[in-house]
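Me: I should like to examine the grounds on which the features of this structure are named. Please set each value against the definition behind it.

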Amino acid sequence: MSRRPSLVVVGAGPRATGLIERIAANAPALYRDRPLDLHLIDPYPPGGGRIWRHDQSPLLWMNSMAEDVTMFTDDTVRQEGPVRPGPALDTWAADVREGRIQLPGEAVESGLRAEIEALAGQDFPSRRLQGAYLRWVYERSVAALPPSVTVHEHRGRALRVTGPRDGRQHVLLEGRAEPLAADLVVLTIGHLDAEPDPDQLRLSAFADRHGLVHLPPDFTADSDLSALPAGEPVIVRGLGLAFIDLMVLLTEGRGGRYENGAYVPSGREPVLHVGSRRGVPYHSKIGYGWQGDRPPLPRFLGPDRTEELLDRPEPPDFLRDIWPHVDKELGHAHYHRLFTTHPERTTVDRAAFEEKYAAAEAGSDDLRALVAAAVPDPADRLDIAALDHPLDGVRHPSYEALQEATRDYITADLDRRHDPGHSEDLAVFLGLLSAYGQLSRFGDIGGWWHGFFSYLASGPPGPRLRQLLALSRAGVVRFVGAGMTVEADERHGVFRAGSATVPDEVIEARALVEARLPDPSPERTRSTLLRTLHEDGAGATATGLLAVDPGDGRILDREGRPHPRRFALGPHTAARAGGAFTRPRTGGPAFGQNDATARAVLTVLRELTGRDGGTDG
């Protein structure tokens with residue numbers, strides 16, 4: 001019997017949208033007019049998915065400028081499929097303003113048109129506006145599919161995938177008796193919830209015993225913050241983007257406002273005592289555009305070097321084998337920009353410096369001496385260790401002294417990151433993007449690199465850090481310092497926080513918030529689908545990521561064999577490649593992965609259909 005082939009995509013957010021865009025682009029050459037049922041499964045609307053859904057606070061922003069967000073490929077993306085140009089977010093908004101694009105109905109109803117009317121390229125859009133853009137990209141991508149492809153949207157959760165390696169798969173949905181039959185399955189399920197780890201369970205049990213509040217790691221937009229009382233101290237562990245969301249929702253979200261750079265409280269805010277390992281927030285987004293020639297990248301970590309590392313008999317160790325090349329790449333980008341744009345701040349010939357720089361070993365005394373001789377001002381040198389841990393060895397006699405010093409640090413960071421005279425910082429950002437594109441090929445390289453990348457390259461918008469300064473001056477936010485510790489004091493029934501920066505001071509509070517995303521391992525993930533995949537033999541990395549083939553995204557079993565019918569893309573996999581969208585003309589690694597998976601999927605489906613237009617049932 002002949003039947004229509006079927007592709008099931010679990011997850012309908014930005015990554016699935018990018019995959020569909022690539023399927024539409026590659027189908028004319030690889031699949032032509034063969035029939036296909038494409039099933040999308042997600043409890044949230046397609047396009048934006050959970051993170052970018054319409055149903056969230058309008059106060060929450062993206063941490064990217066509108067001109068730095070695109071869902072479309074260009075000739076900088078390493079892919080075999082055709083480029084299909086499309087507008088970045090700011091261009092899309094201009095097209096909406098001028099009537100060339102019709103805004104989705106939900107965006108009109110929510111009042112997003114006013115935001116679109118005022119949006120400039122260097123503005124930071126709301127997440128709801130990004131959701132409207134993603135919905136439009138999704139609808140455009142679906143419309144670009146061949147007429148023989150039918151898309152079915154299923155609003156719900158996938159619970160399990162079963163089926164033989166060489167046969168049809170079956171996807172069980174929550175609330176549906178009959179599973180969906182699938183010739184191929186692709187998981188694009190994004191960031192995942194997780195059960196608390198033992199330390200979090202211990203803290204929650206302590207809070208229950210003493211009538212305290214403990215909020216474990218979660219997506220801040222989904223957290224119930226009503227348990228945090230006005231005026232009371234709250235210990236917050238984490239100074240990344242999750243903290244920024246928390247800060248917004250507990251201040252403006254409770255009726256506070258900003259006037260002339262100062263914060264006017266509503267009286268409903270708690271007092272946030274916040275610290276972290278570094279003790280400072282992520283670096284501000286850079287507030288200017290690129291001018292002139294870009295640094296020649298890649299230079300020290302390109303495809304050839306990556307192939308050489310991957311071809312070694314033993315898997316490369318990140319810190320020993322890979323990081324030195326990343327370090328050299330970032331320094332190359334930094335000093336190339338400094339020498340070409342500000343030669344007056346250097347003392348030697350650029351060509352001579354670059355020759356010696358290339359020959360020097362990363363992190364060596366020779367390299368440090370070379371840089372010190374060529375770049376007199378330490379502020380013009382790239383010091384990765386100081387950037388990564390700016391408060392190492394810093395001590396303050398009191399928390400009051402720490403508040404002023406941290407405000408000075410944030411102010412200096414804002415000034416520098418918005419000063420084109422330090423455009424070597426933007427060059428380093430481009431070096432990070434170039435390195436990220438190569439590192440995605442190594443699989444799971446551990447958490448340090450992703451944390452460092454986010455801290456340096458994916459921090460909050462400058463206006464958010466100015467708000468943080470205003471909140472600090474108003475006493476709504478208090479900095480705890482670096483090397484933050486949190487203890488459960490059974491005798492007094494309170495949480496106690498301290499830091500290495502102010503060693504003799506302790507903060508006590510009846511509430512503790514973990515301001516970071518969950519870190520789901522196979523054992524703790526709340527995704528029934530992912531947990532059962534691991535139980536059924538799917539491989540996992542040492543840090544709990546789903547093992548996949550870095551080439552086309554096929555899921556690997558524990559022996560490293562690729563599954564012929566199952567694929568996965570996104571941050572839950574060993575081939576995570578940053579965000580599902582990226583800056584225009586930066587080679588977005590996720591786009592190349594989407595293209596490779598789309599081409600593999602279409603090729604397999606074509607082989608399965610045969611000449612009669614259907615597969616054997």
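Me: How do the residues lining the largest cavity divide by class, and what makes a residue nonpolar, polar or charged?

Reply: The lining has 7 nonpolar, 2 polar and 3 charged residues. Ala, Val, Leu, Ile, Met, Phe, Trp, Tyr, Cys and Pro count as nonpolar, Asp, Glu, Lys and Arg as charged, and the others, Gly among them, as polar. The lining residues Leu215, Pro216, Leu225, Ala242, Leu246, Val513 and Ala515 are therefore nonpolar, Thr220 and Ser223 polar, and Asp218, Glu514 and Arg516 charged. The model is a predicted one, in which local features need pLDDT of at least 70 and side-chain atom pairs count only at pLDDT 80 or more, while totals for chains, interfaces and linings use all residues. Residues are numbered from 1 along each chain as its sequence is written, and side-chain values use heavy atoms, with hydrogens and water left out.

Me: Why is one space called a cavity and another a pocket?

Reply: On a 1 Å grid over the protein atoms alone, a cavity is a set of points where a 1.4 Å probe fits but cannot get out, whereas a pocket is an open set with protein on both sides within 12 Å along at least five of seven lines; a lining residue has an atom within 4 Å of a point. The structure holds 7 cavities of 30 Å³ or more, and the largest has a volume of about 80 Å³. Helix H7 (241-250) and strand S18 (511-514) each give two or more residues to the lining of the largest cavity. The second largest pocket has a volume of about 860 Å³. Both volumes are the space filled by probe spheres set on the grid points, which are joined across faces, edges and corners.

Me: What lines the second largest pocket?

Reply: There are 34 lining residues, and Arg381, Leu382, Asp383, Ile384 and Leu387 lie nearest the centre of the pocket. By class, the lining comprises 20 nonpolar, 5 polar and 9 charged residues. Among the elements that give two or more residues to this lining are helix H9 (318-341), helix H13 (399-417) and helix H14 (424-439). Helices are DSSP runs of H or I with at least four residues, and strands are runs of E with at least two, numbered from the N terminus.

Me: How do you know that strands S3 and S4 pair?

Reply: Two strands pair if DSSP finds at least two bridges between them. S3 (residues 36-41) and S4 share 6 bridges in the parallel sense, so the criterion is met. One of the bridges links isoleucine 41 to histidine 154 in S4. The open sheet to which they belong has 6 strands in the order S4-S3-S2-S8-S20-S19.

Me: Why is the pairing of that sheet called mixed?

Reply: S2 and S3 run parallel with 5 bridges, and S8 (residues 184-187) and S20 also run parallel, with 3. S19 and S20, by contrast, are antiparallel, joined by 2 bridges. Both senses thus occur within the sheet. At the antiparallel pair, leucine 556 stands opposite proline 562 in S20. The edge strands are S4 (149-154) and S19 (554-556), each pairing on one side only.

Me: What makes S15 and S17 edge strands in the sheet of 3 strands?

Reply: S15 (485-489) and S17 (507-509) each have a single partner strand, so one side of each lacks a neighbour in the sheet. The order is S15-S16-S17, and the pairing is antiparallel. S16 (residues 494-498) and S17 are joined by 3 bridges, and phenylalanine 495 has alanine 509 in S17 as its bridge partner.

Me: How do you know that S2 is mostly covered?

Reply: Buried means under 20% relative accessible area, exposed over 50%, and partly exposed in between (1.4 Å probe, protein chains only). In S2 (residues 6-10), 5 of 5 residues are buried. Ser6, Val8 and Val10 lie on one side and Leu7 and Val9 on the other, so that both faces are covered. In a regular strand the side chains alternate between the two faces of the sheet. S20 (residues 562-568) is mostly covered as well, with 5 of its 7 residues buried.

Me: Which hand has the crossover from S2 to S3, and what makes a crossover right-handed?

Reply: With the strands pointing away from the viewer, the path from the first strand over the helix to the second must run clockwise. The chain passes from S2 through helix H1 (residues 14-30) to S3, and this β-α-β crossover is right-handed.
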